[in-house]
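Grab a pen and have the sequence and the 3D view open. Below are some exercises, each with a worked solution.

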Amino acid sequence: MPTERLNGIDLHWEQAGDGPRLLMFNGSGSTIERMRPLMSVLASQFDVVLHDQRGLGKTEIPAGPYSMADYATDAIALVDFLGWETFNVIGISFGGMVAQEFAVTVPERVERLALLCTSPGGEGGSSYPLHKIRSMDASERAAISMTIMDTRFTPEWLDAHPSDRMFVDGISGQYGAKAGSEAERGEIEQLNARSTHDVWDRLSRITAPTFIGAGRYDGIAPLSNSEALAERIPNAELHVYEGGHGFFAQDATAFPEILGFLAS
């Protein structure tokens with residue numbers, strides 16, 4: 001579990017698996033520990049590198065504000081340290097935003113790109129403003145969090161769909177640092193950076209074949225945003241799945257297709 005001084009911060013990262021090189025970017029508030037099950041799936045076919053992004057997990061929480069360019073530059077410093085010249089990239093939600101920023105900055109280093117449940121910002125559409133949810137009371141926050149995760153998720157729907165109820169129960173309460181803590185400050189800095197994300201006018205710089213995965217009922221990164229990405233990025237293909245923001249855990253067809261794309 002190495003930590004290196006990269007791009008001016010102590011950055012924590014892990015590497016696992018064998019096969020084609022794959023740089024992975026996590027979603028909002030997510031850490032290596034929280035994403036370890038998914039990392040293990042990817043490591044069954046790839047040489048995966050995943051880091052705790054600035055302000056999160058075991059990586060340093062520097063003074064803010066952070067920019068999306070900061071997140072991309074942290075990752076560039078990491079792959080430079082590892083000696084990786086070219087590689088595949090996968091980004092989930094906020095990680096998909098960072099992956100876009102990364103790919104428009106160093107397009108020549110990305111072999112294949114997978115963008116899941118994410119948005120380009122600007123005229124292409126932004127994801128739900130998660131930074132505004134923190135100021136809500138607990139009950140309102142819980143209700144909104146459920147319905148934006150999957151727009152079908154009403155109490156009545158969940159009562160009638162036990163598998164979706166299990167999905168909601170599995171993800172509920174996994175995010176949110178203690179109020180007033182340094183960890184909370186890091187999460188807030190990330191959400192503030194997320195609110196400024198806009199690569200719309202630079203997406204044509206992406207040269208890698210690009211897989212865009214979207215959930216039909218995603219209320220955080222609406223399907224229309226993924227459609228805009230597919231229209232704007234050269235050599236992009238859009239795949240729509242039966243699920244919401246976590247479609248890859250809801251639709252059994254998603255991950256085989258994602259893995260197949262990255263391995264081809």
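**Exercise 1: Cysteine 117**

Cysteine 117 is buried, with a relative accessible area of 2% (buried means under 20% relative accessible area, exposed over 50%, partly exposed in between, with a 1.4 Å probe and protein chains only). Before going on, note that this is a predicted model, where local features need pLDDT of at least 70, side-chain atom pairs count only at pLDDT 80 or more, and totals for chains, interfaces and linings use all residues. Residues are numbered from 1 along each chain as its sequence is written, and side-chain values use heavy atoms, with hydrogens and water left out.

Task: Work out where cysteine 117 sits and what sign its phi has.

Solution.
- Step 1: Look in the loop between β6 and α4 (138-149) to find cysteine 117. Helices (H or I, at least four residues) and strands (E, at least two) are DSSP runs, numbered from the N terminus.
- Step 2: Check the backbone: phi of cysteine 117 is near 45°, a positive value in a residue other than glycine.
- Step 3: Put that in context: most residues other than glycine have a negative phi, and most peptide bonds are trans.

**Exercise 2: Two more backbone oddities**

Task: Find which residue in the loop between α8 and β8 (236-241) has a positive phi, then say which two residues a cis peptide bond joins.

Solution.
- Step 1: The loop residue is asparagine 235, and its phi is about 60° although it isn't a glycine.
- Step 2: Asparagine 235 has 54% relative accessibility, so it counts as exposed.
- Step 3: For the cis bond, go to glycine 64 and proline 65, where omega is about 0°. Proline 65 belongs to the loop between β4 (47-51) and α2.

**Exercise 3: How α2 meets α3**

Task: Describe how helix α2 and helix α3 pack, using angle, distance and residues.

Solution.
- Step 1: Know what to ask for: two packed helices are described by the angle between their axes and the distance between the axes.
- Step 2: Read off the values. Helix α2 (residues 68-82) and helix α3 (residues 94-105) pack at about 70°, and their axes are 9 Å apart. The axes are lines fitted to C-alpha atoms, for helices over the stretch in contact, and angles run from 0 to 180 degrees between N-to-C directions.
- Step 3: Name the arrangement: that angle makes α2 roughly perpendicular to α3 (under 35 degrees is roughly parallel, over 145 roughly antiparallel, 65 to 115 roughly perpendicular, and the rest oblique).
- Step 4: List who touches whom. From α2 come Met68, Ala69, Tyr71, Ala72, Ala75, Ile76 and Val79, and they meet Phe94, Met97, Val98, Glu101, Phe102 and Thr105 of α3. Contact means heavy atoms within 4.5 Å.
- Step 5: Sort them: 11 are nonpolar, 1 is polar and 1 is charged. Here Ala, Val, Leu, Ile, Met, Phe, Trp, Tyr, Cys and Pro count as nonpolar, Asp, Glu, Lys and Arg as charged, and the others, Gly among them, as polar.

**Exercise 4: The nonpolar cores**

Task: Say how many residues the largest nonpolar core has and which of them have the most contacts inside it.

Solution.
- Step 1: The largest core has 41 residues, and Leu23, Phe25, Val89, Phe102 and Leu113 have the most contacts inside it. A nonpolar core is a set of buried Ala, Val, Leu, Ile, Met, Phe, Trp, Tyr and Cys residues joined through side-chain atoms within 4.5 Å.
- Step 2: Ask what supplies this core: β2 (9-16), β3 (21-25), α2, β5 (87-92), α3, β6 (110-116) and α8 (223-232) each give at least two residues.
- Step 3: The largest share, 8 residues, comes from α2.
- Step 4: Zoom in on leucine 23. Setting aside residues up to four places away in sequence, leucine 23 touches Val49, Ala75, Val79, Trp84, Phe87, Asn88, Val89, Ile90 and Phe102.
- Step 5: Don't miss the second, separate core of 26 residues, which includes Met39, Phe46, Ala114 and Cys117.

**Exercise 5: Far in sequence, together in space**

Task: Find how far alanine 208 is from proline 107, in sequence and in space, then look at threonine 210.

Solution.
- Step 1: Alanine 208 lies in the loop between α7 (182-194) and β7 (210-215), and its 3% relative accessibility makes it buried.
- Step 2: Alanine 208 and proline 107 are 101 residues apart in sequence, and 7.2 Å apart in space, C-alpha to C-alpha.
- Step 3: Beyond its neighbours within four places in sequence, alanine 208 contacts Val110, Glu111, Arg112, Leu113, Pro234 and Asn235.
- Step 4: Threonine 210 is in strand β7 and is buried at 0% relative accessibility.
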